[in-house]
Amino acid sequence: MIPAQFDYVKPSSVEEAVQALQQAGDEAKIIAGGQSLLPVLRLRLAAPSLLVDLGGIAELRGIRDEGDRVAVGAMTSYYDIIRDESVQQHVALLAQATETVADGQVRHRGTLGGSLAHADPAGDLGAVALALDAELVIAGPEGRRTVPAPQFFLDYFTTALGESDILTEIRFPKYTGWGSHYEKFNRTAQAWSMVAIAAAVRVEGGSIAEARVGLTNMGSTPIRAAGVEQRSWATGHRRRGAGSSRKGHRRHCRAE
Ligand SMILES: Cc1cc2nc3c(=O)[nH]c(=O)nc-3n(C[C@H](O)[C@H](O)[C@H](O)COP(=O)(O)OP(=O)(O)OC[C@H]3O[C@@H](n4cnc5c(N)ncnc54)[C@H](O)[C@@H]3O)c2cc1C
């Protein structure tokens, strides 16, 4: 189907984009990579009168090493995240989960910010943001604010973003030297998670000293498996080998 008619603007700064959203009110919609929004428009499940394209805002793209954390611009594509050295070294779980998203075409266009803002419970990256204690930077009419991941995901497709808000950056603390793994159960024909688990552990002397676990598509939002974290920590489980790949699973594991 062809989307309903809409106006289109491509601002070159975050401030301009916020202003455009504010002026249009609930008639406007942000477009990032378009991988979730365009199918919605084509099915006419939404008919915004204005699309605000974030593709012209250089500030929103790219990955910075900021000492004790890695900051990922909201408009950074999955493709760039997977290939980034500081992500691979310090936030390996993000790269591992991102590799399982969709196919090459979607990974070239889709963005981390778009995925988190869309807040589909089956999306793979919310559980990673939650498990790794990411912080989300939001720009709005009142300026910028930082929201911890647990306060960002509110319900099915619902986040802390207001009508005129833009997610600008996602900040991850560094997990250098941690082991991590994204275990995804999906139908062979599609990449979407039926369920998935994002896990990172710090191992000391062969036992788990710290653990972070997030769950995908097991509720209306990503879930932090705090009980599992405490239990594996308290009992100091010894690591086992990763084992071989099984049909219907995507194993993306990096041991330290
Ligand atoms: C065939 C196919 C298979 C897929 N498989 C998977 C999969 O296996 N796993 C998975 O996780 N995802 C999957 N996806 C979804 C994909 O990851 C999307 O790219 C992602 O959900 C949205 O990112 P985007 O940049 O394309 O955002 P868009 O589609 O442009 O936007 C999505 C929503 O977020 C809002 N938005 C976007 N950016 C911002 C921002 N910076 N601030 C505020 N609001 C914003 C938009 O207004 C819109 O409501 C798949 C998609 C397709 C088409």
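Me: What makes strand 2 and strand 3 count as a pair?
Reply: Two strands pair if DSSP finds at least two bridges between them, and four bridges join strand 2 (residues 28-31) to strand 3 with the two running parallel, so the condition is met. In strand 3, Leu50 is the bridge partner of Ala28. Strands here are DSSP runs of E with at least two residues, helices are runs of H or I with at least four, and both are numbered from the N terminus. The model is a predicted one, in which local features need pLDDT of at least 70 and side-chain atom pairs count only at pLDDT 80 or more, whereas totals for chains, interfaces and linings use all residues. Residues are numbered from 1 along each chain as its sequence is written, and side-chain values use heavy atoms, with hydrogens and water left out.

Me: Which strands make up the open sheet with parallel pairing, and what makes a strand an edge strand there?
Reply: The order of this three-stranded open sheet is 1-3-2, and strand 1 and strand 2 are its edge strands, as each pairs on one side only. On average, neighbouring strands are turned by 25 degrees against each other, direction ignored; the axes behind such angles are lines fitted to C-alpha atoms, for helices over the stretch in contact, and the angles run from 0 to 180 degrees between N-to-C directions. Strand 1 (residues 7-9) and strand 3 pair in the parallel sense over three bridges, with Asp7 opposite Leu50 and Val9 partnered by Val52.

Me: How do you know which strands helix 1 touches in this sheet?
Reply: Contact means heavy atoms within 4.5 Å, and by that rule helix 1 packs on the sheet by touching strand 1, strand 2 and strand 3, its direction making about 170 degrees with that of strand 3.

Me: Are the residues of strand 3 called buried or exposed, and which way do they point?
Reply: Leu50 and Val52 point one way from strand 3 (residues 50-53), Leu51 and Asp53 point the other way, and all are buried. Buried means under 20% relative accessible area, exposed means over 50%, and partly exposed lies in between (1.4 Å probe, protein chains only).

Me: Why is Ala119 placed in its accessibility class, and why is Asn217 placed in its own?
Reply: Ala119 has 9% relative accessibility, so it counts as buried, while the relative accessible area of Asn217 is 27%, so Asn217 is partly exposed. Each also has a positive phi without being a glycine, near 55 degrees for Ala119 and about 65 degrees for Asn217. Most residues other than glycine have a negative phi. Ala119 sits in the loop between helix 7 (112-118) and helix 8, and Asn217 in the loop between strand 13 (207-216) and strand 14 (223-224).

Me: Why are strand 4 and strand 7 said to stand at the edges of the five-stranded open sheet?
Reply: The sheet has the order 4-5-10-6-7 with antiparallel pairing; strand 4 (63-65) and strand 7 (143-148) each have a single partner strand, so one side of each is left without a neighbour in the sheet. Inside this order, strand 5 (residues 69-73) and strand 10 (residues 166-173) pair over five bridges in the antiparallel sense, and Arg69 stands opposite Pro173 in strand 10.

Me: Why is the pair of Phe152 and Phe153 given its class?
Reply: Rings of Phe, Tyr and Trp (its six-membered ring) pair if their centres lie within 6.5 Å, and planes under 30 degrees apart count as stacked, over 60 as edge-to-face and the rest as tilted. The ring centres of Phe152 and Phe153 are 5.2 Å apart and the planes stand at 90 degrees, so this pair is edge-to-face. Tyr175 and Trp178 form another edge-to-face pair, at 4.9 Å centre to centre and with 90 degrees between the planes. Both Phe152 and Phe153 are buried, as are both Tyr175 and Trp178.

Me: What makes a set of residues a nonpolar core, and which members touch the most others in the largest one?
Reply: A nonpolar core is a set of buried Ala, Val, Leu, Ile, Met, Phe, Trp, Tyr and Cys residues joined through side-chain atoms within 4.5 Å. The largest has 38 residues, of which Leu94, Leu112, Leu116, Ile170 and Phe172 touch the most other members. Helix 8 (residues 125-131) gives the most to this core, with five residues.

Me: What makes helix 5 mostly covered?
Reply: Seven of the eight residues of helix 5 (residues 92-99) are buried, among them Leu93, Leu94 and Gln96.
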